[in-house]
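Here's a friendly walk through one protein model. Have a look at the picture first, and then we'll go through some of its parts.

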Amino acid sequence: MVVGAGPSGSSAAFHLARAGVDVLLLEKDEFPREKVCGDGLTPRSVHQLLRMGVDVTGDGWHRSRGMRWMTGDREVLIDWPTLARFPDYALTRTRHDFDEILVRHAQAAGARLQTGVKVTGPVTDRTGRVVGVEATAGPDGEPVVHRAPLVIAADGASARLAVALGAHRDKGRPMGTAVRRYYRSPQRTDEEYLELWADLRNPSSGGRLAGYGWIFPLGDGRVNVGLGMITRNGRRSPDMRATLGAWLKRTPPEWGLDEDGADGPLRSAALPMGLNRRPQYGRGLMLVGDSAGSISPWTGEGIYQAMESGEVAAEAATLALTRPSGPARERALRGYPAEINHRWGRYYRLGNFAATYILSRSGFQPLLNSYITDHPTLVNGLARLLTNLTDEPSHDAIDHVLNTLVRVMPAYNARR
């Protein structure tokens, strides 16, 4: 059973169904639905879509060849690298469309979708193991119980199921906040680069913003505009609406990024980062995507992590369900957090350090100083570090340096 039909839940359900597992996918909303997101899909996200067989060539997909970094009076264009493991392009697609595409893909593979089901808590046996969920369904909120030998929680940042079992967020790890709004902008909608502004400031204090602003072209006459910020314990967060407004006043009037060009309300969301909820498996419950706090502490990106964690969880669950309940099954299920730690543990530990001691204090602007931005190798290396794009084994000097940097970081204990 999978709870939540966002990118992580739909990915998990798809891979389970394709492997022949009978999977029930529960979702509280109806499709299509809105979600707060930048709508940008980096090459790692595109890689996951291609692995699922999603057609990304039709209408509604807008391809991007790289990033444009803006800081002060400097503008840097960075093309996506040509790697053996990942595509050399990114995509944009609104979550209004994207989530429905993924859930329909999971259904086509054989997953059984039930919408309008709000899961309220886990069902446990006398040993404390999760054996299902309690929920309400339908317009009248009728109580229902769904049972399954294994539950995958893809219930987002709230992580209701994980919290019910005592898996609380590690407050020592970074947390982010994002706001976004759509604007009608014929001048910017067909841009080939994802645009990131690193020189934003708090409009009240004048201090550097611990984050960045983005303008992502959608190719349909609109752009997705927003800003994300790393929040620090004990420090008051700036007014995100005022910060966004102050920044957009700096953009050219012909871009249409003002109240007259707005296409919908301003929306906000919390960003659980850095694998801040552990363990990712325990007592019959697997955590994927935002419920595991899998958003990147480097950039606030979360789509590829959601889809990739869903696939890894599905692989572990498929193997586990071939075994009888007991120690052999548990051994297979514990392989899920071990694999997540193998893929991201050291990279996230380095990112958590950078987010806590650099990005949350001074933002991205110090990293984009003139020395770095004037040297193509350095700026490309920084871009690949932030987006986790390297070949393994290393293909070039940038790969070698970044892979070595991550490799020397001590790994987290995946079983704690």
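Which residues in helix 10 are buried? They are Val379, Gly381, Leu382, Ala383, Arg384, Leu385, Leu386 and Thr387. Buried here means under 20% relative accessible area, with exposed being over 50% and partly exposed in between (1.4 Å probe, protein chains only). Helices (H or I, at least four residues) and strands (E, at least two) are DSSP runs, numbered from the N terminus.

A quick word on the ground rules: this is a predicted model, so local features need pLDDT of at least 70, side-chain atom pairs count only at pLDDT 80 or more, and totals for chains, interfaces and linings use all residues. Residues are numbered from 1 along each chain as its sequence is written, and side-chain values use heavy atoms, with hydrogens and water left out.

**Around helix 10**

Helix 10 covers residues 376-387, and its twelve residues should span 16 Å at 1.5 Å a residue (the expected span is 1.5 Å times one less than the number of residues). Its end C-alpha atoms are 16 Å apart, so the two agree. Right after helix 10 comes Asn388, with a positive phi near 60°. The buried residues of helix 10 pack against helix 2 (43-52), strand 5 (66-71), strand 6 (74-79), helix 8 (335-362), helix 9 (370-373) and helix 11 (397-407).

Trp69 touches several residues further off in sequence, including Val379, Leu382, Ala383 and Leu386; a contact means heavy atoms within 4.5 Å. Trp69 is also among the residues with the most contacts inside the largest nonpolar core, alongside Val2, Leu49, Met286 and Tyr336. That core has 87 residues. Apart from it lies another core of 21 residues, among them Val3, Leu24, Val117 and Val133. A nonpolar core is a set of buried Ala, Val, Leu, Ile, Met, Phe, Trp, Tyr and Cys residues joined through side-chain atoms within 4.5 Å.

**Strands**

Strand 14 (residues 193-197) has five of its five residues buried, so it is largely enclosed by the rest of the structure. Tyr193, Glu195 and Trp197 cover one side, while Leu194 and Leu196 are on the other. Leu196 has a bridge partner in each direction: Trp69 and Trp214 in strand 15.

Elsewhere, six strands form an open sheet with mixed pairing, in the order 8-2-1-12-19-18. Its edge strands, strand 8 (112-115) and strand 18 (281-282), each pair on one side only. Within this sheet, Val151 of strand 12 stands opposite Leu285 in strand 19. Two strands pair if DSSP finds at least two bridges between them. Here are three of the pairings:

| Strands | Direction | Bridges |
|---|---|---|
| Strand 5 and strand 14 | parallel | five bridges |
| Strand 14 and strand 15 | antiparallel | three bridges |
| Strand 12 and strand 19 | parallel | three bridges |

**Rings and a serine**

The charged end of Arg63 sits over the ring of Tyr89, 3.6 Å from its centre, and that of Arg188 sits over the ring of Trp255, 3.9 Å from its centre. To count, NZ of Lys or CZ of Arg must be within 6 Å of the ring centre and within 35 degrees of the ring normal.

Lastly, Ser11 lies in helix 1 (residues 7-18). Ser11 is buried, with a relative accessible area of 0%. Leaving aside neighbours within four places in sequence, Ser11 is in contact with Met52, Met307, Gly310 and Glu311.
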